[in-house]
Amino acid sequence: MNANEYMQATERNLVHTYNRFPVTLDRGEGVYLYDTEGKKYLDFAAGIAVSGLGYGNQELNTVLKEQIDKLMHSSNLYYNTACGKAAAALKRITRMDRVFFTNSGTEAIEGALKAARKYAWKKKTGRFQYIAMQDSFHGRSMGALSVTEHEAYRIPFEPLIPGVGFAQFNHLDSVKKLVTDKTCAIILEPLQGEGGINMATQEFMEGIRKICDEEGILMICDEIQCGMARTGSMFACQSYGVKPDIIVMAKAIGSGVPVGAFAMTESVAEYSLEPGDHGTTYGGNPLVCAAVAKTVEIFEKEDIKDHVNEMGAYLAEKLDELVNDYDMVLERRGTGLIQGLRLNRPVGELIKEALKEGLLIISARSDVIRLVPPLVIEKEHVDEMIDKLKKALKGIL
Ligand SMILES: Cc1ncc(COP(=O)(O)O)c(C=O)c1O
């Protein structure tokens, strides 16, 4: 089949829920992807912040191939050889005590929301409401959508879960105004990805923790996109010295094998989900757990977060030069290897131009380009990206 036939087969046979770019990706190597015509792309999207280790990591792939030959799935009716090890690895890096495996980020959000409700129910507090943030994104299932603010995602599916209030991100007073004796959890991304690369301030993170402590509310950090070293800390909340009650993760924890998880402290776990409360057939199966355990091992062994700090600083320097040199580039946002540029116009055309130059980048809201490359990029890749981005910027002048 040629590229057109692959595209037609997709358009003809799938529900039309995605507007795809006219590229059929075939294989990856390091930080590059190749389409079916052999064209090479520098990847600054990482499959939406998933492929932290890039493509073709042989240490990871060998473990996955061995696990496929041994056992891919067994269900949660039995123990398996990989699940406990993967959970221990996630406990270590999240500094939490108990882990639940899901199959995606959205499902992990659902589980975390349920865990908070169960905690309130078991403690007989009568609390059931949530506070989320404006510009948040937590997924598109009914629960996750209920705490996602973007109207375009929500409106066709209303009514959603009642009792969710949206506070202004980085404005503690607007959070305080929404707190009632019915609030069971506050959920936020320490760095909002889809919402435009917005970083929480130190004051906001500490303030949310304080409100939660004073009011008996659980703090849930959604680290699905900003976790796994992307900000230069293993989890973004750790860079603020703030420990939430529940951390939600997915994307890079499985290096492309579909997996999510939420992790909680022992004091939450003690009053939260019990057998029968929550479950999933695939969750924590041997294949995904082999991926998680190996991914964490490589991240720790190769000190990926240190590398992200070094590359992030270099990327910031180069992006700041673009802000200086181009009138249409208004602002740099973010940190580590989750950074963005806000333009004075919608970024759709720029992304298409970049694609022509062999550069994959994505948007965050309509006017921000989001740069979330594999975490293993080197300075030469940043230079190559800047070079291609300049050509793309010229293309939309
Ligand atoms: C912060 C955040 N939460 C939740 C999700 C949903 O995760 P998934 O697409 O794995 O279901 C995403 C996906 O982009 C995300 O960025």
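**View 1. A46 sits in helix α2, which covers residues 46–49.** Keep in mind that everything in these views comes from a predicted model. What is the backbone doing at A46? Its phi is near 50 degrees, and that is a positive value in a residue other than glycine.

**View 2. Strands β1 and β2 make a hairpin, with two residues between the strands.** Here β1 and β2 pair in the antiparallel sense, and four bridges link them. Want one bridge to look for? Find E29, whose bridge partner in β2 is Y32. Then have a look at G30 in this hairpin: G30 takes a positive phi, near 65 degrees.

**View 3. An open sheet of four strands runs in the order β1-β2-β3-β15.** Its pairing is mixed. As a bit of background, strands of a sheet pair through backbone hydrogen bonds, and they can do that either parallel or antiparallel. We have just met the antiparallel pair, β1 and β2. For a parallel one, go to β3 (residues 40–43) and β15, which are joined by two bridges. One residue to pick out is D43, since its bridge partner in β15 is L360. Which strands are at the edges? They are β1 (25–29) and β15 (359–360), and each of them pairs on one side only.

**View 4. Helix α15 lies across three strands of that sheet: β2, β3 and β15.** The helix takes in residues 379–395, while β2 spans 32–35. At what angle does α15 run to β3? The answer is about 110 degrees.

**View 5. Seven strands build another open sheet, in the order β4-β12-β11-β10-β7-β5-β6.** The pairing is mixed here too. Why is one side of β4 and of β6 left without a neighbour in the sheet? Both β4 (98–102) and β6 (164–167) stand at the edges with a single partner strand each, so there is no neighbouring strand on one side. On average, neighbouring strands of this sheet are turned by 20 degrees against each other, direction ignored.

**View 6. Strands β5 and β6 pair in the parallel sense.** Strand β5 is made of residues 129–133, and four bridges connect β5 to β6. Y130 is a handy landmark, as its bridge partner in β6 is V164. In general, side chains in a regular strand alternate between the two faces of the sheet.

**View 7. The peptide bond from E158 to P159 is cis.** Its omega is near 5 degrees. Where is P159 found? P159 belongs to the loop between α7 (151–154) and β6.

**View 8. A ligand is surrounded by S104, G105, T106, F137, H138, E189, E194, D222, I224, Q225 and K251.** Sorted by class, this shell holds two nonpolar, five polar and four charged residues. Three of the residues are worth zooming in on:

- T106: an N or O atom in its side chain is 2.5 Å from an oxygen atom of the ligand.
- D222: an N or O atom in its side chain is 2.7 Å from a nitrogen atom of the ligand.
- Q225: a polar side-chain atom lies 2.7 Å from an oxygen atom of the ligand.

How much of the ligand does the protein bury? Taken alone, the ligand exposes 390 Å², and the protein buries 83% of that.

Technical notes:
Residues are numbered from 1 along each chain as its sequence is written. This is a predicted model: local features need pLDDT of at least 70, side-chain atom pairs count only at pLDDT 80 or more; totals for chains, interfaces and linings use all residues. Side-chain values use heavy atoms; hydrogens and water are left out. Two strands pair if DSSP finds at least two bridges between them. Axes are lines fitted to C-alpha atoms, for helices over the stretch in contact, and angles run from 0 to 180 degrees between N-to-C directions. Contact means heavy atoms within 4.5 Å. A residue is near a molecule or strand if one of its heavy atoms lies within 4 Å of it. A polar contact is a pair of N or O atoms within 3.5 Å; within protein, one must be able to donate a hydrogen and the other to accept it, and residues adjacent in sequence count only if both atoms are side-chain atoms. Accessible areas come from the Shrake-Rupley method with a 1.4 Å probe; for residues, only the protein chains shown count as cover. Ala, Val, Leu, Ile, Met, Phe, Trp, Tyr, Cys and Pro count as nonpolar, Asp, Glu, Lys and Arg as charged, and the others, Gly among them, as polar.
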